[in-house]
Amino acid sequence: MLIEMRIQGLGVIDEASIELHRGLTVVTGETGAGKTMVVTGLHLLSGGRAEASRVRTGVERAVVEGRFHTPPGSPAAEVAANAGADPDEDGSLIAVRTVSTDGRSRAHLGGRSVPVGVLAELSEQLIAVHGQNDQLRLTRPAEQRGVLDRLAGEAVAEPLGRYRELREQWVAVSNELVERTEKSREMAREADLLKHGLAEIAAVDPKPGEDEELHAEARRLADVDQLREAASGAQFSLSGAADAEVEAVGALGMIAEARRRFSSTEDPKLRDLEPRLAEASVLLTDVATELVGYLESLDADPARLEQVLARQQELKQLTRKYAADIDGVLEWARVSQERLEGLDTSEEALAELARRRDELAGQLAEAAKEVSAERAAAAEDLGKAVTEELGGLAMAHATVEVAVLPRVAEADDPVALTIDGERLHAGREGVDDVELRLIAHPGAPALPVNKGASGGELSRVMLALEVVLSHADPVPTLVFDEVDAGVGGRAAVEVGRRLGRLARSHQVIVVTHLPQVAAYADRHMVVSKVAEGGLTSSGVRVLDESERVVELARMLAGLDFTYTGRAHAEELLDAARTDKKADEPARKTRKRAAAKK
C-alpha cells in the first residue's frame with residue numbers, strides 16, 4: 001500500500017506532500033491545476049518513461065518519492081531484498097525517482113541506487129495505474145487477449161507455456177528444413193570444402209601441443225654440440241677432472257675439504273657451519289648426477305633431426321590454412337565437424353526433418369486447441385462479470401460478449417498451422433484473436449466496443465472491465481486517472497458507487513472531474529494553483545468536510561459561491577454517505593460468501 005508521496009518540481013507542482021490511507025481517495029482541481037501530475041508521479045515511481053518536458057521551469061530536476069508498506073515475505077519485499085534495498089525503521093520502503101532537465105533519470109529504493117527496471121518490477125506487486133490511454137489500449141485485440149489471459153490465470157498460462165515450447169521447436173525445425181531444401185547446392189559446396197579440410201587434417205593426425213614439442217626437440221638436436229659443451233663444463237665445475245693425472249678440483253671437492261677443516265677444529269662456531277655445507281654437497285651431487293644422465297642422452301642423431309623437421313613441415317601446411325597453431329587447427333576441425341553434421345542434404349536427412357516437423361505440428365495443434373478451449377471458458381466468465389458490473393453503471397440493458405476467434409493465416413504466412421482442416425496463424429500467444437463486443441440493448445447487433453460504444457459507454461465498459469480485473473489482481477493500490485470521462489448524471493453516481501465498493505478491498509486513488517464520484521471519497525484532496533512572479537505553481541491539500549462542500553459546489557458548474565450550489569453539494573455528500581451505509585450489510589454478506597468459497 002502507498003502510504004505517502006512527495007513531489008518536487010514536476011510540471012506545475014513546485015512541492016507537494018500527500019499522505020494516503022486505505023479506502024477511496026479522490027483528487028480534484030481546476031483544469032490545468034496539475035491533477036494529472038499526481039498520476040505522472042505514480043507512473044515515474046512505477047518505472048515509467050521519464051520526460052525532460054515534465055520538469056518544472058526554473059528547476060534542475062523533478063523528484064518523486066513514495067513510501068510503501070511492504071509486508072515481510074511478500075513478493076514486493078522479495079524484490080526489494082534482491083535489489084539490496086533496506087526498509088525504513090517502521091518497516092516501510094522508500095522509492096525515489098529523479099528526472100533532470102537533460103532527460104536523464106535515476107532511481108533509488110531503500111536508500112540504494114537501482115536500475116529503473118527494479119522500480120517497474122516492484123510496482124507490478126504494489127500498484128496498478130489505469131488511465132484514458134489504457135482505455136484506448138484495451139480496444140486492441142492483442143490487449144484484450146492479454147486481459148482475458150490475466151483473468152484466466154493458470155488455466156491458460158499452463159497450456160500456453162507448453163504451446164510456446166512446442167512452437168519454438170516447430171519453428172526451428174521448419175526453418176532448418178526450408179534452409180536445407182532451398183540452399184542445398186550452396187550447402188553441398190560448403191560440405192565438400194569442410195570434408196576436404198577434415199580429411200587433410202586427419203591424414204596428418206596432429207596431437208595437441210605437438211608443434212611446440214617438436215620445436216623444442218629440433219632446437220635440442222640442432223644444438224647438440226653446444227649443449228654437450230655446456231653440460232660438460234658444468235659437470236667439470238662441480239666434480240673436477242676424472243683423470244687423476246690432472247690436478248683439478250671441482251666444487252664438490254672444495255666443499256669436502258671445507259667440511260674436513262671445520263670438523264677438525266675445536267671452535268663450536270666453525271663446527272656449526274659444517275651441516276650447512278653438507279646440505280649444499282647433497283644438492284650439488286644431485287645436479288652432477290643429472291648432468292651425467294643428460295650427457296649420456298645427448299647423442300647426435302641426424303636421422304631423428306630430419307624426421308622432426310619433416311614433421312614440422314607437415315604441421316606448417318595445416319597452420320598456414322586453418323589456424324595459427326596446432327591447437328587452433330584441432331578446434332577448427334571440431335567446429336567444422338559439427339557444422340558438417342548440420343549440412344546433411346541427403347534425402348534421408350530431409351525426410352527425417354520433415355517427419356519431425358509434422359510430428360511437432362500435430363503436438364502444437366493439440367496444445368493450441370487446449371489454449372483456445374480454456375480461453376473460451378474464461379471469455380464466457382469475463383463477459384458475464386463485465387455485464388453484471390454494467391448493470392450497476394446505468395447500462396442495465398447492455399451485454400458484453402468476449403469472442404475468441406481463430407486467426408486465419410495469410411497465403412504466405414511462414415508460421416501457418418493447420419488445425420481441424422483450417423490454416424491458422426500460429427503466433428507466440430496462440431492461434432486466437434480476442435474481441436470485446438457490446439450489445440447496447442436487446443435486439444442490437446454485437447459490435448466491437450471501439451465501434452459500438454459512445455464515449456461515455458466506452459468509459460463505463462472499460463471501468464467495469466477494470467473492476468472485474470481488480471478482483472483477480474493482487475496489487476493493493478489501484479489508480480484511476482479520469483476513467484470517468486464522458487460520463488455524467490446517474491451513470492456518474494454509479495461510477496462513484498462502484499469505485500467506493502472497490503475501495504473496500506483495495507486502496508483506490510481516483511483523479512476525477514465528476515462531483516458525483518468525488519462525493520464517495522473517504523479522503524478528498526484538491527490540487528490548486530497560484531500565480532506568483534510570472535510563474536504558476538500548484539499544491540495539494542486535504543479538504544475537511546466544509547471545504548469538501550465548497551469544492552463539490554465548484555465542480556457543479558462553478559456554483560461554489562451560491563447557496564444553491566452548496567446545497568446541491570451537501571445533498572450529494574449525504575446521498576453518498578447513505579448509499580455507503582446501506583451497502584455495508586451487503587458487503588459483509590459478500591465477504592462471508594467469499595470466505596466460504
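Is Ala-521 buried or exposed? Here are some notes on that and a few other spots; keep in mind that this is a predicted model.

1. **Ala-521.** This alanine is buried, with a relative accessible area of 4%. Look for Ala-521 in the loop between α18 (515–518) and β16 (523–532). If you want a landmark, try Leu-499: the two residues are 22 apart along the chain, and their C-alpha atoms are separated by 8.9 Å.

2. **Val-461.** Here's another buried one, this time in a helix. Val-461 sits in α16 (residues 455–472), and its relative accessibility is 0%, so it counts as buried. From the C-alpha of Val-461 to that of Leu-436 is 9.9 Å, with their positions 25 residues apart along the chain.

3. **Arg-276.** Now for a residue on the outside. Arg-276 belongs to helix α11 (residues 268–297) and counts as exposed, at 59% relative accessibility. Its C-alpha lies 9.4 Å from that of Arg-259, and the two arginines are 17 residues apart in sequence.

4. **Helix α10.** This helix covers residues 251–264, which makes 14 residues. From first C-alpha to last α10 reaches 20 Å, close to the 20 Å expected at 1.5 Å a residue. Its buried residues are Ala-251, Leu-252, Ile-255 and Phe-262. Looking down the axis of α10, you'd find these buried residues within an arc of 95°, so they line one face of the helix. Turn to the face pointing away from that buried side and you meet Met-254, Arg-261 and Ser-264, which are exposed.

5. **Helix α3.** Residues 116–126 make up this one, and the buried set is Val-118, Leu-119, Leu-122, Ser-123 and Leu-126. Viewed along the axis of α3, the buried residues fall within an arc of 135°, so they too line one face of their helix.

6. **Helix α5.** Running over residues 141–152, α5 has twelve residues. Its reach from the first C-alpha to the last is 16 Å, close to the 16 Å expected at 1.5 Å a residue. The buried list for α5 has some polar names on it: Gln-144, Arg-145 and Asp-149 are buried, along with Val-147, Leu-148 and Ala-152. Right after α5 comes Gly-153, which has a positive phi, near 70°.

7. **Helices α6 and α14.** How do these two pass each other? The axes of α6 (residues 154–182) and α14 (residues 347–391) come within 8 Å and cross at roughly 155°. Since angles over 145 degrees count as roughly antiparallel, α6 is roughly antiparallel to α14. The crossing of α6 past α14 is left-handed.

8. **The aromatic pair.** How many aromatic pairs does a search of the whole structure find? Just one. The partners are Tyr-322 and Trp-332, with 4.6 Å from centre to centre and 40° between the planes, which makes the pair tilted. Tyr-322 is in the loop between α12 (302–321) and α13 (326–341), while Trp-332 is in helix α13, so the pair ties together parts that are ten residues apart in sequence. As for burial, Tyr-322 is buried at a relative accessible area of 17%, and Trp-332 is partly exposed at 24%.

9. **Asp-205.** Most residues other than glycine have a negative phi. Against that background, the backbone of Asp-205 deserves a glance: its phi is near 55°, a positive value in a non-glycine residue. Asp-205 lies in the loop between α7 (184–204) and α8 (210–222). Its relative accessible area is 42%, so this aspartate is partly exposed.

10. **Asp-420.** Where does Asp-420 lie? In the loop between β10 (416–419) and β11 (422–425). Here phi is near 50°, again positive in a residue other than glycine. Asp-420 counts as exposed, with a relative accessibility of 68%.

Note on methods: Residues are numbered from 1 along each chain as its sequence is written. This is a predicted model: local features need pLDDT of at least 70, side-chain atom pairs count only at pLDDT 80 or more; totals for chains, interfaces and linings use all residues. Side-chain values use heavy atoms; hydrogens and water are left out. Helices (H or I, at least four residues) and strands (E, at least two) are DSSP runs, numbered from the N terminus. The expected span of a helix is 1.5 Å times one less than its number of residues. Buried means under 20% relative accessible area, exposed over 50%, partly exposed in between (1.4 Å probe, protein chains only). The arc is that of the directions from the helix axis to the C-beta atoms. Rings of Phe, Tyr and Trp (its six-membered ring) pair if their centres lie within 6.5 Å; planes under 30 degrees apart count as stacked, over 60 as edge-to-face and the rest as tilted. Axes are lines fitted to C-alpha atoms, for helices over the stretch in contact, and angles run from 0 to 180 degrees between N-to-C directions. Angles under 35 degrees count as roughly parallel, over 145 as roughly antiparallel, 65 to 115 as roughly perpendicular and the rest as oblique. A crossing is left-handed if the near helix is turned anticlockwise from the far one by less than a right angle, and right-handed if clockwise.
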